[in-house]
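Good morning, and thank you for joining. I should like to take you through some local features of one structure, which will now be shown.

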Amino acid sequence: MFQKLKLINRKSMTSFQVIIISFLGLILAGTFLLMLPISSRERCVTPFSDALFTAVSSTCVTGLIVKDTATYWSLFGQTVIIILIQIGGMGVITIALAIMMASGKKIGLWHRSTMQESISAPQVGGIVRMTGFILKTSAIIELSGAALLAPVFIRDFGFGKGLWYSLFHSISAFCNAGFDLMGTLEPFSSLTSYGDNVYLNIIIMLLIVTGGIGFLVWTDIGTYRHNLKRYSLQSKVVLLTSLILIVLPALYFFIWEYGGMGFGDRLISSLFQSVTTRTAGFNTQDLTQMDESGTMIMILLMLVGGSPGSTAGGMKTATFAVLFLSAVTVFSRRNDVQCFKRRISDETVRSAGAILFMYLVLFFTSGIIISRTENLPLLTCLFETGSAIGTVGLTLGITSSLSTLSKVILMALMFFGRVGGLTLIYAALPSSDSRNSRLPLEKISVG
């Protein structure tokens, strides 16, 4: 794929355009495969709109579905879905570069630059080595997760089916996709039948977190291990922000949402809800039973999403942290945004502000349109659009009943959330020439 794109129009295509075209190509290929009669249990041709929605949701590792994964799709269809999840989670460019490496082809600067943009790496140097690290780390974590899940699923579904369930859910959790095969117990039920299984909950949470903190963080962990002082600023920010965004919401859920449970079930359900809400899309409790304040907190967590260079989508933890630090800088009347005795560039702060603006505009506008189109409560529709743009996959049960217009909106949001807002903007708009001259400065009042 990489080589073909290079031959088509190497000089006129930017790295951002290559990333977008690669994702679109994967989605279209997945749609075609899912439309084949062999992909459905009934051996029927799946309508284009349903196949496209499933392919978009799989490739963008979201988890919103219009057909129950376990009861509608055949083993072939489920295999197509999990392959789309794996490639979408790792990144199309990562897989393409891995194929080139395996075939012995030369990795040029153009390839390295595109890979750098794809995984949000800080520099081009060492990108090939990092690609190998990403592939090895992902394979080890996913296979370990499958081995740990196997005793539970083999016990409940038999040896062969249990192994398949273990591998499927391990990849889906690590890639923060939220697709499940629990529909054989109850359609669209996710992991609610395992809400009291502490062992399975912990394994799924660990897979979600490891996939969601980002490969750049794992590079630092693999290199420096317990020597936190040598970690990059991004790794420190991501780890601290992720920890805060797990603990504080879990505390809220523990106190206000799950008061009727015993202490152990209450604790594990609160932690799971906090972890899965930001990107993963699994749920172990009935989300429709949550009050409006809990639902709103979940929406905010979904908008934040995972971390840069990870299998997750959303606005990203680093973006949230930069915005928070920028506000602290204004409140304390300092000149520079600082963190861990380092200064954050003005360009980064401006980019974070632009990302927040794009996400909020698309999130609210889409929610309002769907609410008016479907005649549904606004909060319910905002939950759906927040889940889509954050590539989370949680739903209050309205996805399959939405009109074509609303589904198209959700697909666009999923693609935007996975590829990234800035990537789309940079791909669509030409870069402006940098000039030394600057316009006259004049202040305006804000706040």
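I begin with R43, whose place is in the loop between α2 (15-35) and α3. Please bear in mind that this is a predicted model. R43 is not a glycine, and yet it has a positive phi of about 55°.

That loop brings us to helix α3, which covers residues 48-59. A simple check of its geometry is possible. At 1.5 Å a residue, its 12 residues should span 16 Å, and the end C-alpha atoms are indeed 16 Å apart, so the two figures agree. How many of the 12 residues of α3 are buried? The count is 10, so one may call the helix mostly covered, given that buried means under 20% relative accessible area. The buried residues include D50, L52, F53, V56 and T59. Just after α3, the backbone shows a positive phi once more, this time of about 40° at V61.

Let me stay with D50, since it brings us to the charged pairs. In general, side chains of opposite charge can pair when their charged atoms come close. The structure holds two salt bridges. In one of them, the side chains of K67 and D50 meet, with an N to O distance of 3.7 Å. This pair links distant parts of the chain: D50 belongs to helix α3, K67 to the loop between α3 and α4 (69-72), and the two are 17 residues apart. As for exposure, D50 has 10% relative accessibility and therefore counts as buried. K67, with a relative accessible area of 24%, is partly exposed.

A salt bridge is also formed by R155 with D156, where the closest N and O atoms are 2.8 Å apart. R155 counts as exposed because its relative accessibility is 56%. D156 stands at 34%, and so counts as partly exposed.

I turn now to a charged residue without such a partner. E374 lies in helix α16, residues 346-374. Is E374 buried or exposed, and which side chain of opposite charge is nearest? E374 is buried and has no salt bridge; the nearest side chain of opposite charge is that of K407, 8.7 Å away. That distance falls outside the 4 Å limit for a salt bridge, so the pair is not counted as one. What E374 does have is polar contacts through its side chain. One, of 2.5 Å, joins it to the side chain of S403. Another, of 2.6 Å, joins the side chains of E374 and S406.

Next, consider T391, in the loop between α17 (378-389) and α18 (404-419). T391 is not a glycine either, and its phi is positive, at about 50°. With a relative accessible area of 0%, T391 is buried.

Finally, the surface. L240, L243, I244, V247, L248 and F340 form a nonpolar patch there, with about 550 Å² of accessible area together. Where does F340 lie? Its place is the loop between β1 (337-339) and β2 (342-344). The relative accessible area of F340 is 40%, which means that it is partly exposed.

To close, I would draw your attention again to two sites. The first is E374, buried yet without a salt bridge. The second is the K67 and D50 pair, which links distant parts of the chain. Thank you.

Conventions. Residues numbered from 1 in each chain as written. Predicted model: local features only at pLDDT ≥ 70, side-chain atom pairs only at ≥ 80, totals over all residues. Heavy atoms only, no water. Helix = DSSP H or I, 4+ residues; strand = E, 2+ residues; numbered from the N terminus. Expected span 1.5 Å × (residues − 1). Buried < 20%, exposed > 50% of the residue type's maximum accessible area, 1.4 Å probe, protein only. Patch = residues over 30% accessible without salt bridge, like charges linked within 9 Å, V, L, I, M, F, W, Y side chains within 5 Å. Areas by Shrake-Rupley, 256 points an atom, 1.4 Å probe, with all protein chains shown as cover. Lys, Arg positive; Asp, Glu negative; His and termini not counted. Polar contact = N/O pair within 3.5 Å; in protein donor to acceptor, adjacent residues only side chain to side chain.
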